[in-house]
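Visitor: I should like to request a close look at a single part of this protein, namely its principal nonpolar core. Please set that part within the rest of the structure as well.

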Amino acid sequence: MATTRLDVVTAEREVFSDDVDEVVAPGVEGQLGILPHHAPLMTTLLPGELLIKKGGEEFYLAISGGFIEARPDRIIVLADTAERVEEIDIARAEEAKRRAEERLVEGIPGVDTARAEAALRRSLIRLRVAGRRRRRRPTIQV
Ligand code: ATP
């Protein structure tokens, strides 16, 4: 099966680098599935889950937006922030969620609603990804 190189980086670090079978990314215009030998493409990513398929396994990363560049031989994701499942601090994400919800409910004067909503979205994505485990896709027996 054809594979393609995937590099997921942030300004701070390299989060993932390996040969993969497919990537499904949260594109601005919807879920974007990218297979090896994809036509050149560059687009913006929304906060969400980045699904990586490799050798029958699926990995998830939580990302808070960024860019994706696909070339026939490699895929590069430049993410604002990105964490693998095992890196996510659940207590921290729950605390961030609680804080954001409090700000939104209270409607405190001076609270930047868009900022609180963005923080809430990041925390929910982290919690969702943290709940994911490495899964094996069912293989069809012939
Ligand atoms: P917090 O309020 O807890 O800092 P945040 O959404 O404001 O959350 P970000 O600004 O998105 O945090 O991220 C800052 C840095 O902290 C990034 O490097 C990000 O990967 C990391 N990070 C944020 N939340 C978590 C978490 N729950 N677990 C692991 N790393 C996290």
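Guide: The account below begins with the whole chain, turns to the core, and then proceeds to its surroundings and the ligand.

The model is a predicted one. Its secondary structure amounts to 2 helices and 9 strands, and the order of elements from the N terminus is β-β-β-β-β-β-β-β-α-α-β. Along the principal axes, the C-alpha atoms occupy a box of roughly 60 × 35 × 25 Å. The chain has 142 residues, of which 38% are buried. Of the contacts between residues at least 6 apart in sequence, 53% link residues at least 24 apart. The protein has an accessible surface of about 8600 Å², and carbon and sulfur atoms account for 51% of that surface.

Two domains are assigned: domain 1 covers 4–85 and domain 2 covers 88–130. Their C-alpha centres are 24 Å apart, and the contact between them draws on 12 residues from domain 1 and 7 residues from domain 2.

In soluble globular proteins, nonpolar side chains tend to be buried together. Here, the largest nonpolar core comprises 20 residues, and the members that touch the most others are Leu6, Val8, Leu50, Ile52, Leu61 and Val77. At least two core residues come from each of the strands β1 (4–9), β2 (14–20), β3 (22–27), β5 (41–54), β6 (57–71) and β7 (74–79). The greatest contribution is that of β6, which provides 5 residues.

Val8 serves as a useful point of entry to this core. Leaving aside residues up to four places away in sequence, valine 8 touches Arg13, Glu14, Val15, Phe16, Leu50, Leu61, Val77 and Ala82. A further core, separate from the one just described, consists of 9 residues, including Val85, Ile88, Ile125 and Val129.

Aspartate 7 merits attention next. Aspartate 7 belongs to strand β1 and counts as buried because its relative accessibility is 9%, with the cut-off for burial set at under 20%. Its side chain forms a polar contact of 2.6 Å with the side chain of serine 17. Beyond residues up to four places away in sequence, the residues touched by aspartate 7 are Glu14, Phe16, Ser17, Arg74, Ile75, Ile76 and Val77. Glu14, Phe16 and Val77 are thus among the residues touched by both aspartate 7 and valine 8.

Histidine 37 offers a contrasting case. Histidine 37 sits in the loop between β4 (30–34) and β5, and its phi angle is near 65°, a positive value in a residue that is not glycine. Because its relative accessibility is 63%, histidine 37 counts as exposed.

The ligand remains to be considered. Around the ligand are Glu12, Thr81, Glu83, Glu87, Ile88, Asp89, Arg92, Ala93, Ala96, Arg99, Arg122 and Arg126. Ile88, one of these residues, is also a member of the core of 9 residues. Polar side-chain atoms approach oxygen atoms of the ligand at several places: the distance is 2.6 Å for arginine 99, 2.7 Å for arginine 122 and 3.4 Å for glutamate 12. On its own the ligand has 590 Å² of accessible area, and the protein covers 70% of that area.

Notes. Residues are numbered from 1 along each chain as its sequence is written. This is a predicted model: local features need pLDDT of at least 70, side-chain atom pairs count only at pLDDT 80 or more; totals for chains, interfaces and linings use all residues. Side-chain values use heavy atoms; hydrogens and water are left out. A nonpolar core is a set of buried Ala, Val, Leu, Ile, Met, Phe, Trp, Tyr and Cys residues joined through side-chain atoms within 4.5 Å. Buried means under 20% relative accessible area, exposed over 50%, partly exposed in between (1.4 Å probe, protein chains only). Helices (H or I, at least four residues) and strands (E, at least two) are DSSP runs, numbered from the N terminus. Contact means heavy atoms within 4.5 Å. A residue is near a molecule or strand if one of its heavy atoms lies within 4 Å of it. A polar contact is a pair of N or O atoms within 3.5 Å; within protein, one must be able to donate a hydrogen and the other to accept it, and residues adjacent in sequence count only if both atoms are side-chain atoms. Accessible areas come from the Shrake-Rupley method with a 1.4 Å probe; for residues, only the protein chains shown count as cover. Domain bounds come from an automatic or database domain assignment.
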